[in-house]
Amino acid sequence: MFDFGCADGSVTLLLDWGRTEAIERFAAHAAPAFHQAATGVGTQPGESCVECKAISRCTALPRTPQLWDGTPTVPARRRRSLSAWDLRLHAECPAQYHLVRQLHLNDLTEENDGARRGRAVDAWLNDRHAARPQRGCRDLPSPEESAIAAEFGLKAQQATEAARMLDAHKVLCPLNGTGAGEQVLVQHRVTAYIPELDVVVLAVPDLLSTYRGRWVWRETKTSSSPLWEGRSLLHSYPQLALAVLLFSAGALGSDPNRSWVELEHLREGRGDSRLERIDPGRPEIVAEAREVIAELAQPLLDDTTYEPTTGRHCHGCQARTWCAPGRAYTADHPRHPEPSRQAGITRSLHA
Ligand SMILES: [Zn+2]
């Protein structure tokens, strides 16, 4: 079996098995999957709900009508999924959203250093938090920079920064002091259905956990810059707003008055990392979250043309290869370092 690159004509050998090995592998890997598909009866809400013909009778998918008071599109469109990532991409550039999220085009542009470092930190934390028996990171040994560099292909500088961020996480870890009976869900998919919009909402919190009966939704961000106070947290990070709405609508089956949404903002400087806590039980927080998501979601749901909007985001666009305005923009505006957002403003923070 070969993999052909349609863009560059490259050929990669994927597998070269003889008859005996093919039969053995089928028995080991494919047969159990066939058996599971033929006999499984469970439900697993997620991306597949978009195509599901039994959605009207499904009791496993939480209904969240009027999640942000969106207006149904006229004429009605086929069912769609919506995530915070979709909202961000569409707000930056409708064409980017259409090419990346609907047509699934990706020109395999290499990630920048910051993104690669963030991915390494996320992966390291996910591994730690998924370990059983569960335990907080406070008393675990700090990772070696060389181990991080080797595992995630980071340069020495990025590996140093990632190690410092992981060190900073140790005191902020939501699992510090959690008992054996608490629930810990790493990268757990949260799914909800908005019937009047025919939209499936998808979210994957970095970490969902309980603490003495409270549910905590933790999002972790890595950054070289301090938190910017020019906008509210919910406006800066719409995924927090979506988390507030999902808690508030009962999509997680928990009481919003006994839940927290948290942002862990990790930086490499000693003492610079922060933890922000948002209460989804407060009506004014829910109202702001609804406003944030409605402002982003309605233009996306109403869009039919997906016109490109060029800007700095073109430098990181995964679909720039197929976008003439994006290519022209990046040629005319070579990438400059991000301007510092340090304006002498830091939020009142607590760890
Ligand atoms: Zn931790």
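Start by selecting helix H2 (residues 84-92) and helix H9 (residues 283-302), whose axes come within 9 Å and cross at roughly 70 degrees. That angle makes H2 roughly perpendicular to H9. Keep in mind as you go that this is a predicted model.

Now show side chains on both helices. On the H2 side, pick Asp86, Leu87, His90 and Ala91; they meet Ile293, Leu296, Ala297, Pro299 and Leu300 in H9. Colour that patch by class and you get 7 nonpolar, 1 polar and 1 charged residues.

**Along H9 to H8**

Stay on H9 and add helix H8 (residues 238-248). These two pack at an angle of about 120 degrees, with their axes 9 Å apart. So H8 is oblique to H9, and H8 passes H9 in a left-handed crossing. For the contact, select Pro238, Ala241, Leu242, Val244, Leu245 and Ser248 in H8, then Ile285, Val286, Ala289, Arg290, Val292, Ile293 and Leu296 in H9. By class, this one divides into 11 nonpolar, 1 polar and 1 charged. You have met two of these H9 residues already: Ile293 and Leu296 also touch H2.

**A buried glutamate**

Next, centre on Glu219, in strand E8. Is Glu219 buried or exposed? At 3% relative accessibility, Glu219 counts as buried. Draw a C-alpha to C-alpha distance from Glu219 to Glu264: the two are 6.1 Å apart in space, though 45 residues apart in sequence. Then bring up the surroundings. Neighbours within four places in sequence aside, Glu219 is in contact with Val204, Pro205, Asp206, Gln239, Leu240, Glu262, Leu263 and Glu264.

**H4 against H6**

Hide the rest and select helix H4 (residues 113-130) with helix H6 (residues 156-172). Their axes are 10 Å apart and the packing angle is about 40 degrees. This puts H4 oblique to H6, and H4 passes H6 in a right-handed crossing. Which residues make the contact? From H4, highlight Asp113, Arg116, Arg117, Val121, Trp124, Leu125 and His129; from H6, highlight Gln158, Glu161, Ala162, Met165, Leu166 and His169. The class tally here is 6 nonpolar, 3 polar and 4 charged residues. Look at the spacing of the highlighted side chains while you are there. An α-helix has 3.6 residues a turn, so residues three or four places apart point the same way.

Take H4 by itself for a moment. Its 18 residues should span 26 Å at 1.5 Å a residue, and the end C-alpha atoms are indeed 26 Å apart. The buried residues of H4 are Arg116, Arg117, Gly118, Ala120, Val121, Trp124, Leu125, Asn126, Arg128 and His129. To see what covers them, switch on helix H5 (145-152), H6, strand E4 (184-186), strand E7 (207-211), strand E8 (214-222) and strand E9 (259-266), which are among the covering elements.

Swap over to H6. With 17 residues, H6 reaches 25 Å from its first C-alpha to its last, close to the 24 Å expected. H6 is mostly covered, with 12 of its 17 residues buried. The buried set is Gln158, Ala159, Thr160, Glu161, Ala162, Ala163, Met165, Leu166, Ala168, His169, Lys170 and Leu172. The cover includes H4, H5, E8, E9 and strand E10 (274-278).

**Backbone stops**

Finish with the backbone. Most residues other than glycine have a negative phi, and most peptide bonds are trans. Here are four places to compare with that.

- Zoom in on Val74 and Pro75: the peptide bond from one to the other is cis, with omega near -5 degrees. Pro75 lies in the loop between helix H1 (19-39) and strand E3 (80-82).
- Go to Arg132 and Pro133, also joined by a cis peptide bond, with omega about 0 degrees. Pro133 is in the loop between H4 and H5.
- Pick Gln187, which is not a glycine yet has a positive phi of about 50 degrees. Find Gln187 in the loop between E4 and strand E5 (190-194). With a relative accessible area of 39%, Gln187 is partly exposed.
- End at Arg212, in the loop between E7 and E8. Phi of Arg212 is positive too, near 50 degrees. Turn on the surface and you will find Arg212 exposed, with a relative accessible area of 65%.

How values were computed
Residues are numbered from 1 along each chain as its sequence is written. This is a predicted model: local features need pLDDT of at least 70, side-chain atom pairs count only at pLDDT 80 or more; totals for chains, interfaces and linings use all residues. Side-chain values use heavy atoms; hydrogens and water are left out. Axes are lines fitted to C-alpha atoms, for helices over the stretch in contact, and angles run from 0 to 180 degrees between N-to-C directions. Helices (H or I, at least four residues) and strands (E, at least two) are DSSP runs, numbered from the N terminus. Angles under 35 degrees count as roughly parallel, over 145 as roughly antiparallel, 65 to 115 as roughly perpendicular and the rest as oblique. A crossing is left-handed if the near helix is turned anticlockwise from the far one by less than a right angle, and right-handed if clockwise. Contact means heavy atoms within 4.5 Å. Ala, Val, Leu, Ile, Met, Phe, Trp, Tyr, Cys and Pro count as nonpolar, Asp, Glu, Lys and Arg as charged, and the others, Gly among them, as polar. The expected span of a helix is 1.5 Å times one less than its number of residues. Buried means under 20% relative accessible area, exposed over 50%, partly exposed in between (1.4 Å probe, protein chains only).
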